[in-house]
Amino acid sequence: MNENIGFIGLGKMGLPMAKNLLKNGYNVFGADVSENALEELRALGGNTASMKDWIHKVHYIVLMLPSSAIVNKVVEEIIDAASSEKDQNSLMIIDMSSSYPADTKENCNKLEPYNIAFVDAPVSGGVKKAVDGTLTIMAGGSAEHFDKCKRLLGAMGSSISLVGPSGSGHLIKAINNYLSATHLLASCEAVQLLENFGVEPEKAINVINQSTGRSGSTEYKFPNFILTEAYNSGFSLELIKKDIGMANQLFKDANAATSLPQIIYQRFSEASNVLDKEADHTEINKFVSTYLLQRGILNDENEKTVPGGSDSGINVHPGSLR
Ligand code: NAD
């Protein structure tokens, strides 16, 4: 008989992940606050009855929600729904959202008296890998719990590892996205600078991708979402800002003597104040080209137009770049 899985949060990532569970023979019982998302799951063959109708039928509930605050609220709803059922022994919640590690540990402790296991298993790879079922999954929890849910995770990802105790997966995820945001911002600023000097962005990216300055941003995000001006990676600016904010807080909590996380967080926060609420995270490039370089360089009294760099309308004073 096919195994039943609860799946809460059927957004850009959650829906394709749930689709891969269905493809792999699982029955999916989905929940979302959006009626459109529920309709999409039904169209794929999923079940969208209310949680109290399916909670006693599932052993695993996957969460793919926007924030820790929402995860915490949904955990309370699961406790309420599950505590009216007798058999909670085999229930496991797998939080695949990018959540705050301290909240993850708290949820883990809170659920223990109810005999509900809580594993953090956030993902990287974006919408494309969610669709392909090739996500990188970094799990935090006990080896016993990890072994139990590994097969299920295998339906959604191709690189799956237990990285440490509860919260470790979310910890690595926050730090990974801070690094990713740092590369992205630095690359956008660098390519804009080169463009101002008359270098074509495509040529700059091709060379950088053959050199040591390359990163996931230059190899994947620039060719697919930025140079094409499609800006449709499926990962919003608001969500990456949340991740950088978490990483920044983690550095602060550790009393780390670094200002970089705060600067990156500030830049993405400024971008989120001026860009659309629904902006893709790759649209940080628009912020860079429209605001950042202008603010930093045009204030110079001795500004000069760099030959060949006039398309963007941004003048550059070469002396300020050394
Ligand atoms: P999304 O906003 O597209 O999807 C979130 C879904 O959760 C929406 O369908 C929303 O209606 C639903 N939701 C919100 N509150 C709810 C509630 N109380 N109960 C039930 N459903 C609720 O976001 P996403 O891009 O799919 O990201 C989901 C998570 O995955 C986030 O934590 C994000 O940081 C992380 N993530 C996203 C990407 C990406 O590329 N989009 C990549 C890796 C990780």
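In the protein chain, residues 24 or more positions apart account for 65% of the contacts with a separation of 6 or more. The model is a predicted one. Its protein chain comprises 13 helices and eight strands, and buried residues make up 48% of its 322 residues.

Strands 4 and 5 were examined together with the helix that connects them. Strand 4 (residues 92-95) pairs with strand 5 in the parallel sense, over four bridges. Within this arrangement D95 stands opposite D120 of strand 5. Between the two strands the chain passes through helix 5 (residues 101-111), and the resulting β-α-β crossover is right-handed. In a regular strand, side chains alternate between the two faces of the sheet. Strand 5 (residues 117-120) is covered on both faces: A117 and V119 are buried on one side, and F118 and D120 are buried on the other.

Aromatic rings were considered next. A pair of aromatic rings is described by the distance of the centres and the angle of the planes. The structure holds three aromatic pairs. In one of them, F29 and W54, the ring centres are 6.3 Å apart and the planes are at 40°; this angle is neither under 30 degrees nor over 60, so the pair is classed as tilted. The pair links distant parts of the chain, with F29 in strand 2 (residues 27-31) and W54 in helix 3 (residues 51-54), 25 residues apart. F29 has a relative accessibility of 8% and therefore counts as buried. W54 also counts as buried, because its relative accessibility is 0%. Another of the pairs is formed by Y220 and F225, whose ring centres are 5.4 Å apart; their planes are at 90°, so this pair is edge-to-face. The two residues of this pair fall into separate accessibility classes: Y220, at 34% relative accessibility, counts as partly exposed, whereas F225, at 9%, counts as buried.

Helix 8 (residues 168-196) contains N176. With 29 residues at 1.5 Å a residue, helix 8 should span 42 Å, and its end C-alpha atoms are 42 Å apart, so the expected and computed spans agree. Helix 8 is followed by G198, which has a positive phi, near 95°. N176 has a relative accessible area of 31%, and because this value lies between the 20% and 50% limits, the residue is partly exposed. Its C-alpha atom is separated by 8.7 Å from that of S124, although N176 and S124 are 52 residues apart along the chain.

A second asparagine, N248, lies in helix 11 (residues 237-253). Its relative accessible area is 6%, which is under 20%, so N248 is buried. When neighbours within four places in sequence are left aside, N248 is in contact with P261, Q262 and Y265.

Cysteines were examined for disulfides, for which a pair of sulfur atoms must lie within 2.5 Å. The count comes to zero disulfides. Among the cysteines, C149 has a relative accessibility of 0% and so counts as buried. C188 is likewise buried, with a relative accessible area of 0%.

Terms used:
Residues are numbered from 1 along each chain as its sequence is written. This is a predicted model: local features need pLDDT of at least 70, side-chain atom pairs count only at pLDDT 80 or more; totals for chains, interfaces and linings use all residues. Side-chain values use heavy atoms; hydrogens and water are left out. Rings of Phe, Tyr and Trp (its six-membered ring) pair if their centres lie within 6.5 Å; planes under 30 degrees apart count as stacked, over 60 as edge-to-face and the rest as tilted. Buried means under 20% relative accessible area, exposed over 50%, partly exposed in between (1.4 Å probe, protein chains only). Contact means heavy atoms within 4.5 Å. Two strands pair if DSSP finds at least two bridges between them. A crossover is right-handed if, with the strands pointing away from the viewer, the path from the first strand over the helix to the second runs clockwise. The expected span of a helix is 1.5 Å times one less than its number of residues.
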